[in-house]
Amino acid sequence: MPETPASPNGSRPTGREGKPSPSPAVIVGHSSLEFLLAFVLLFGVTTIVRWVIGPSYISDAINQIHLQLLIVGVAVGLLIAALILSRPGRISGGHINPAISFAMWRFGVFPGVSVVPYIVAQLIGSVLGVLLAGAVWGPAATKPPTSYALLQPGAGWTAAELFVAEAASMGVIVCLVGFFLQSPRLAPLVPGLVGLLIGAAIALLGTTTGGSVNPARQFGPAVVSWQLSFLWVYLLAPMVGALIAAFALDRVNKHRTVLTHRLCGTEKSGAPLKEPRAD
């Protein structure tokens, strides 16, 4: 692929974070890893829902929906943490969530030219992961109560209420992740933090908002099942929540900066992050 043209002094044009913008080859490569991570996540999520909530010996033994959601939340949280810590996750940043990619750009540590490719890759990975799960598990995954792991708000919820809840949930996650990524001591805890927060959202909000807090989480199931009600809310609200949270954290904690866009909380090599030196 052609390289990005160099500036007169030989360096590449810089992105918003002040570092050289990645080449097209790097953007494609890292976006492909985000596609893979989203693919695995949605295949895993659909599989977990198929076995815990769909027809199975697990759902027969545990037929209380809140206990089922707790199991789903724990399993999905562990899966997300593992994906962030995986080799592809360390390289790409392990976002697996358009709102996280957007927030990392807003924090100034992720190049703006990579935001759209990451989001497109995450959404496509979501669709194909769900399709594979449906092909592997058949009607147990595609028919109710599993229905491709599609999320729906609780009875009586309006689009406005769902929007506020999803935006607020994503805002809390972005604030905490951003705060942890400002400290070399706390940054390595981010994979567990993200897994815990997503798992808690599933367990606590599953019967009300659905507990998505990830546009890619809902996109694949909604498109594959062609159940598009509230999809615009699940797509847009986390992005708005991420933007507001990133702005708020930047205003409240002006003296500190987010150190990396990698949710593993280390350098790509696994080396610890270092505080930036004062000029």
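# Exercises on a predicted model

At 52% relative accessibility, Ala160 counts as exposed. The structure is a predicted model, and the exercises below are to be worked with it in view.

## Exercise 1: Ala160 and helix H8

Task: Determine which helix holds Ala160, and state how far Ala160 and Phe179 are apart in sequence and in space.

Solution.
Step 1. Ala160 has its place in helix H8.
Step 2. Exposed means over 50% relative accessible area. Ala160 reaches 52%, and therefore counts as exposed.
Step 3. Along the sequence, Ala160 and Phe179 are 19 residues apart. From C-alpha to C-alpha, 28 Å separates Ala160 from Phe179.

## Exercise 2: The span of helix H6

Task: Establish what span helix H6 should have at 1.5 Å a residue, and compare that span with the distance between its end C-alpha atoms.

Solution.
Step 1. Helix H6 comprises residues 115-137, and the number of its residues is 23.
Step 2. The expected span is 1.5 Å times one less than the number of residues. For H6 this gives 33 Å.
Step 3. The end C-alpha atoms of H6 are 33 Å apart in the model, so the two values agree.
Step 4. After H6 comes Gly138, with a positive phi near 70°.

## Exercise 3: A nonpolar surface patch

Task: Identify which residues make the nonpolar surface patch of about 410 Å², and classify Leu131 by its relative accessibility.

Solution.
Step 1. The patch is made by Val116, Val120, Ile124, Leu128 and Leu131.
Step 2. Leu131 belongs to helix H6.
Step 3. The relative accessibility of Leu131 is 42%, so Leu131 counts as partly exposed.

## Exercise 4: The surroundings of Ser31

Task: Decide whether Ser31 is buried or exposed, and find which residues beyond its neighbours within four places in sequence are in contact with Ser31.

Solution.
Step 1. Ser31 is located in helix H1, residues 24-52.
Step 2. Buried means under 20% relative accessible area. Ser31 has 6% relative accessibility and therefore counts as buried.
Step 3. Beyond its neighbours within four places in sequence, Ser31 touches Pro117, Tyr118 and Ala121.
Step 4. A polar atom of the Ser31 side chain lies 2.7 Å from the backbone oxygen of Ile27.
Step 5. Arg262 is 231 residues from Ser31 along the chain, and their C-alpha atoms are separated by 14 Å.

## Exercise 5: The loop between H7 and H8

Task: Describe the peptide bond from Pro144 to Pro145, and give the phi values of Tyr148 and Ala149.

Solution.
Step 1. The loop runs between helix H7 (139-142) and helix H8 (159-180), and Pro145 is found in this loop.
Step 2. The bond from Pro144 to Pro145 has omega near 5° and is cis.
Step 3. Tyr148 lies in the loop between H7 and H8 as well. Its phi is positive, about 60°, although Tyr148 is not a glycine. With a relative accessible area of 17%, Tyr148 is buried.
Step 4. Ala149 is also in the loop between H7 and H8. Its phi is near 65°, a positive value in a residue other than glycine. With a relative accessible area of 2%, Ala149 is buried.

## Exercise 6: His261

Task: Locate His261 in the chain, and find which backbone oxygen lies 3.5 Å from a polar atom of its side chain.

Solution.
Step 1. His261 is in the segment after helix H11 (231-252).
Step 2. Its relative accessible area is 12%, so His261 is buried.
Step 3. The backbone oxygen in question belongs to Val109.
Step 4. Neighbours within four places in sequence aside, the contacts of His261 are Ser92, Gly93, His95, Met104, Val109 and Phe110.

Conventions
Residues numbered from 1 in each chain as written. Predicted model: local features only at pLDDT ≥ 70, side-chain atom pairs only at ≥ 80, totals over all residues. Heavy atoms only, no water. Patch = residues over 30% accessible without salt bridge, like charges linked within 9 Å, V, L, I, M, F, W, Y side chains within 5 Å. Areas by Shrake-Rupley, 256 points an atom, 1.4 Å probe, with all protein chains shown as cover. Salt bridge = Lys/Arg side-chain N within 4 Å of Asp/Glu carboxyl O. Helix = DSSP H or I, 4+ residues; strand = E, 2+ residues; numbered from the N terminus. Buried < 20%, exposed > 50% of the residue type's maximum accessible area, 1.4 Å probe, protein only. Contact = heavy atoms within 4.5 Å. Polar contact = N/O pair within 3.5 Å; in protein donor to acceptor, adjacent residues only side chain to side chain.
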